[in-house]
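Visitor: Before we begin, I would like to hear the reasoning behind each label and not the label alone.
Guide: Then let us look at the structure together and take the labels one at a time.

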Amino acid sequence: MSDLVVNAKAALRQQAMARRDALPADARKAAAEAIAGRKFPLSIAPGAIVSGFMPLKSEINPLPLLHRLAENGARLALPVVAGRGKPLIMREWAWGEPLAAGVWGIREPKPEAAEVEPDILLVPLLAFDRAGHRIGYGAGYYDMTINGLRARKAVSAIGIAFAAQEVEKISATPRDARLDLVLTEREVIDLRGV
């Protein structure tokens, strides 16, 4: 990756985090509820596995959506960090099951939870564009995970974000995994035909 792309992504990451952090807590809560209250854009077959995430810092909270999907028959999974330079491990999790503290204090399923391959991944992000690109925190965990899963099966990657996290353009590299959709409090952005 060129220094130009690395520097552009670092600057964008900083700006995006500042914009997200500036959103009031009540607006963040309302956004999460708006996304959960809307019809989910993909049909979920009985027993399909949807992986979510536990929100970090000022990330949008996917738990209201995960709760609704579980009520409608989806099996849930949450990510576990396996180590720097490695894809995430997705472990099965049922609503209400106790969680352990993982890397950076993020709550995750306990080690005895079954490892699964999700059909749909809800993906956190700092910024996204309408070409399906996203910026995360920079370690590439989700890119490695999505690309690895897509090499084995059909998988949908759905960014979940505040509308304020949209940017005009993100410089992408070959290792960056594209999103299929982005859900914000304002709209469902379908990127599959882009």
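The conversation below goes through exposure, cores, helices, pockets and a cavity.

Visitor: What kind of model is this?
Guide: This is a predicted model.

Visitor: Why is Ser-51 called buried?
Guide: Buried means under 20% relative accessible area, and Ser-51 has a relative accessible area of 0%, so the label applies. Ser-51 belongs to strand β1, which covers residues 49-51. Leaving aside neighbours within four places in sequence, Ser-51 is in contact with Ala-77, Met-90, Pro-118, Ile-120, Leu-121 and Leu-122.

Visitor: Why is Arg-19 called partly exposed?
Guide: The partly exposed class lies between the 20% and 50% limits, and because the relative accessibility of Arg-19 is 31%, that is the class it receives. Arg-19 sits in helix α1, and, not counting residues up to four places away in sequence, Arg-19 touches Ala-164, Gln-165, Glu-166 and Val-167. From Arg-19 to Val-155 the separation is 136 residues in sequence and 30 Å in space, C-alpha to C-alpha.

Visitor: And what makes Arg-107 partly exposed?
Guide: The same limits of 20% and 50% are used, and Arg-107, at 44% relative accessibility, therefore counts as partly exposed. Arg-107 is placed in strand β5, residues 107-108. Setting aside residues up to four places away in sequence, Arg-107 touches Met-54, Leu-63, Leu-99 and Ala-100. Arg-107 and Pro-55 are 52 residues apart in sequence, and their C-alpha atoms are 9.0 Å apart in space.

Visitor: How do you know that the buried residues of α3 are on the same side?
Guide: In helix α3, residues 63-71, the buried residues are Leu-63, Leu-65, Leu-66 and Leu-69. They cover an arc of only 155° around the axis, and therefore they lie on the same side of α3. As general background, an α-helix has 3.6 residues a turn, so residues three or four places apart point the same way. Just after α3, Gly-73 has a positive phi of about 105°.

Visitor: Which residues of α4 are buried, and what covers them?
Guide: Tyr-141, Tyr-142, Asp-143, Thr-145, Ile-146 and Leu-149 are the buried residues of α4. Their cover includes β2, β3, β6, β8 and β9.

Visitor: What makes a group of residues a nonpolar core?
Guide: The members must be buried residues of the nonpolar kinds, joined through side-chain atoms within 4.5 Å. The largest nonpolar core has 46 residues, of which Phe-40, Leu-65, Leu-122 and Ile-158 touch the most other members. Two or more residues of this core come from each of α2, β1, α3, β2, β6, α4, β9 and β10. Apart from it lies another core, of seven residues, including Ala-16, Ala-127, Val-167 and Ile-170. In soluble globular proteins, nonpolar side chains tend to be buried together.

Visitor: Which residues does Leu-65 touch, not counting residues up to four places away in sequence?
Guide: Leu-65 touches Ile-35, Ala-36, Phe-40, Leu-122, Ile-160 and Leu-183.

Visitor: Why is one space called a cavity and another a pocket?
Guide: In a cavity a 1.4 Å probe fits but cannot get out, whereas a pocket is open. The structure holds one cavity of 30 Å³ or more, and the largest cavity has a volume of about 30 Å³. Ile-35, Arg-38, Lys-39, Phe-40, Pro-41, Leu-183 and Val-188 line the largest cavity; by class, this lining has five nonpolar, no polar and two charged residues.

Visitor: What is the volume of the largest pocket, and which element gives the largest share of its lining?
Guide: The largest pocket has a volume of about 680 Å³. Of its 32 lining residues, Tyr-137, Gly-138, Ala-139, Tyr-141 and Tyr-142 are the closest to its centre. The largest share of the lining, four residues, comes from α1, and α1, β2, β8 and α4 each supply at least two residues. The lining of the largest pocket has 20 nonpolar, three polar and nine charged residues.

Visitor: Which element gives the most to the lining of the second largest pocket?
Guide: That element is α4, with four residues. The second largest pocket holds about 150 Å³ of space, and of the 13 residues that line it, Leu-88, Glu-115, Val-116, Leu-149 and Arg-152 are the closest to its centre. Its lining divides into eight nonpolar, two polar and three charged residues.

Definitions and conventions: Residues numbered from 1 in each chain as written. Predicted model: local features only at pLDDT ≥ 70, side-chain atom pairs only at ≥ 80, totals over all residues. Heavy atoms only, no water. 1 Å grid on protein atoms, 1.4 Å probe; cavity = no way out; pocket = protein on both sides within 12 Å on 5 of 7 lines; lining within 4 Å. Points joined across faces, edges and corners; volume = space filled by probe spheres on them. Nonpolar A, V, L, I, M, F, W, Y, C, P; charged D, E, K, R; others polar. Buried < 20%, exposed > 50% of the residue type's maximum accessible area, 1.4 Å probe, protein only. Contact = heavy atoms within 4.5 Å. Arc of directions from axis to C-beta.
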